[in-house]
Amino acid sequence: MQRYKILHRTYYNFPEPVTFHSHILRLRPREGPELRIESSLLKILPSASLRWLRDTEDNAVAVATFSNTAKQLAIESEVIVQQYNLNPFEFLLTDYANSLPFSYTSEDFGTLAPYINYDKGPDHFLLQEWTSQICQSGQQISTSSFLNRLCRMIYEDMTYQVREEQGVQTAHHTLAYRSGSCRDFANLFIQAARLFGLAARFVSGYLHAPVSVLNFGATHAWAEVFLPGAGWKGFDPTLGRMVDADHIAVAVASLPEAISPVEGSFTGPSAGVQLDVGVWVSLLE
């Protein structure tokens, strides 16, 4: 077991007092057999009333409601977690899922449909050509081998780029320019996995790593694939490896734009608004 302390600060500064509408906060890590929350503290200024709920993906969501105007909105989340995912390779697949292509059972497919749905849009042929380096459509290949090679290929073929603007690049854009952010690489991985009939979803969370161009104090994104017999398993194409104890998931969704850490609106002048975000993940003794 490893313990981590996560400090996530978000500051919005306005030129004059504004009125805040309800904000949705996705800052609490997803608990389960591999992760437990030891302590959690959420501070908000101006003061807000909080209502906690679980969304359709079972993400923990806090809805903040404000009564006062202010020139700054400050949100600080401090969480200590116990992480037990020390060996990501320790899993077994159901026999029929050991090789691609395979089909999910009818019971699983009904639940997984939103994560399998693949749109044969402009990305299709370029994505198909690119993934043919690993496996031709219809060719049999080890499921684990395919996913690990896909993860590694994105890491080796693409150039990481810090992108401050919102949104996620299409798979076509990432392939065409051979560059992107962690969320762009996660989306490319997801689209490639779905091309081969696999259920894949987007994950937003935190990464414990030395500060670098890949980790400069921000949230992180990766992908998960549902593997019969193993459940949802994470793959981080930004690092070219499976998700391990250094990855702390906060929210999952079939679409990446559905799980922003902080989401809300205000009434007042928008010119001159400044946003400052900082994330620190520390390994504790």
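This report describes strand pairing, one helix packing and one buried residue in a predicted model.

Residues are numbered from 1 along each chain as its sequence is written. Local features need pLDDT of at least 70, side-chain atom pairs count only at pLDDT 80 or more, totals for chains, interfaces and linings use all residues, and side-chain values use heavy atoms, without hydrogens and water.

Helices (H or I, at least four residues) and strands (E, at least two) are DSSP runs, numbered from the N terminus. Two strands pair if DSSP finds at least two bridges between them. Strands of a sheet pair through backbone hydrogen bonds, either parallel or antiparallel.

Strand β1 (residues 2-20) pairs with the strands in the table.

| Partner of β1 | Sense | Bridges | Residues opposite |
|---|---|---|---|
| β6 (residues 70-83) | antiparallel | 13 bridges | His8 and Ser77 |
| β18 (residues 274-284) | antiparallel | eleven bridges | Arg9 and Gly278 |
| β17 (residues 266-267) | antiparallel | two bridges | Thr19 and Thr267 |

An open sheet of five antiparallel strands has the order β14-β13-β12-β11-β15. Strands β14 (241-242) and β15 (247-253) each have a single partner strand, so one side of each has no neighbour in the sheet. Two antiparallel bridges join β13 (residues 231-236) to β14, and Asp236 is the bridge partner of Arg241.

Helix α5 (residues 182-195) lies across β11, β12 and β13, at about 15° to β12. Axes are lines fitted to C-alpha atoms, for helices over the stretch in contact, and angles run from 0 to 180 degrees between N-to-C directions.

Thr131 belongs to helix α2 (residues 123-131). Thr131 counts as buried because its relative accessibility is 1%; buried means under 20% relative accessible area, exposed over 50%, partly exposed in between (1.4 Å probe, protein chains only). Leaving out residues up to four places away in sequence, Thr131 touches Ala192, Leu195 and Phe196, where contact means heavy atoms within 4.5 Å.
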